[in-house]
Amino acid sequence: ILYDANISFLASLLFLVHPINTEVVSYISGVGDPLSLLFILLCLIFYLKSLNSNTIVFQIAALLSFGLALFSKEVAIIVPVLIMLYHYAFKKTIKANKIILFAVVLISYILIRLAIFCPIDKPLISFGDLLARFPGFFVALTEYLRLLLLPLDLHIEYGNRLFNLGDPRPIAGVLLALILIIVAFLKKKNNPLFFFSVAWFFITLLPVSNIY
């Protein structure tokens, strides 16, 4: 998507050395995060290559990477959404046969998850106290921005604090989200990469937002 080698290198370097990533690599329980990310990115790379190739190798590699990402951490369930986002943002034709294969892998994983890994008495998703947790999503946006610019007081757990919608922090988060979304849609035609990046951020954040 982005072919400027210098920008790609600098972005990769920032991701590699920024201390905000410390918590997902400094304790063994966090290994699922970088492992899932690795397979998600490999899946998308192989998928993009399969769009411009008649060989089945890239398609198989993409599906295998998707399966490995799911078993690394369940946030990988968003991969089909990211694929659809790519087609929408860059106006690429969707090949139904390729998308169906991803759906087959996803449904297979869900069936395995329900049959083997999920306790019968424990629901997969809980929406209890949704209104109480919802403001925390927007507080996280401002906190992430602070940590990116000023990475101090880093630690593994930030607690399960609940916030009131009248608190300045969720209000600032709402404004930040609205600004990003509005600007992204305004720039979608002339700068689809910016739109794709903003949408990617929010889509990948949702599974770990503690809303549900």
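Leu-175 is found in helix 7, which runs over residues 168–186. The exercises below concern this predicted model.

**Exercise 1.** State how many helices and strands the chain has, and give the pattern read along the sequence.

*Solution.* Step 1: the chain has 8 helices and 0 strands. Step 2: the pattern along the sequence is therefore written with helices alone, as α-α-α-α-α-α-α-α.

**Exercise 2.** Work out the expected span of helix 7 and set it beside the span in the model.

*Solution.* Step 1: helix 7 has 19 residues. Step 2: the expected span is 1.5 Å times one less than the number of residues, and for helix 7 this gives 27 Å. Step 3: from its first C-alpha to its last, helix 7 reaches 27 Å, close to the expected value.

**Exercise 3.** Find which residues of helix 7 are buried and which are exposed on the other side.

*Solution.* Step 1: a residue counts as buried under 20% relative accessible area and as exposed over 50%. Step 2: Pro-170, Gly-173, Ala-177 and Ala-184 are buried in helix 7. Step 3: these four cover an arc of only 60° around the axis, so they sit on the same side of helix 7. Step 4: Pro-168, Ile-179 and Leu-186 are exposed on the other side.

**Exercise 4.** Name the residues of the nonpolar surface patch that includes Leu-175, and give their accessible area together.

*Solution.* Step 1: the patch is formed by Ile-171, Leu-175, Leu-178, Ile-179, Ile-182 and Leu-186. Step 2: together they have about 610 Å² of accessible area. Step 3: Ile-179 and Leu-186 also appear among the exposed residues of helix 7.

**Exercise 5.** Check the span of helix 3, then say what its buried residues pack against.

*Solution.* Step 1: helix 3 covers residues 57–72, which is 16 residues, and should span 22 Å at 1.5 Å a residue. Step 2: its end C-alpha atoms are 22 Å apart, so the two values agree. Step 3: the buried residues of helix 3 include Ala-62, Phe-66 and Leu-70. Step 4: the buried residues of helix 3 pack against helix 2, helix 4 (79–90) and helix 5 (96–117).

**Exercise 6.** Classify Asn-21 as buried, partly exposed or exposed.

*Solution.* Step 1: Asn-21 lies in the loop between helix 1 (5–17) and helix 2 (32–51). Step 2: its relative accessible area is 22%, so Asn-21 is partly exposed. Step 3: Asn-21 is 13 residues from Pro-34 in sequence, and their C-alpha atoms are 9.5 Å apart in space.

Terms used
Residues are numbered from 1 along each chain as its sequence is written. This is a predicted model: local features need pLDDT of at least 70, side-chain atom pairs count only at pLDDT 80 or more; totals for chains, interfaces and linings use all residues. Side-chain values use heavy atoms; hydrogens and water are left out. Patches are made of residues with over 30% relative accessible area and no salt bridge: like charges are joined within 9 Å, nonpolar side chains (Val, Leu, Ile, Met, Phe, Trp, Tyr) within 5 Å. Accessible areas come from the Shrake-Rupley method with a 1.4 Å probe; for residues, only the protein chains shown count as cover. A salt bridge is a side-chain nitrogen of Lys or Arg within 4 Å of a carboxyl oxygen of Asp or Glu. Helices (H or I, at least four residues) and strands (E, at least two) are DSSP runs, numbered from the N terminus. Buried means under 20% relative accessible area, exposed over 50%, partly exposed in between (1.4 Å probe, protein chains only). The arc is that of the directions from the helix axis to the C-beta atoms. Contact means heavy atoms within 4.5 Å.
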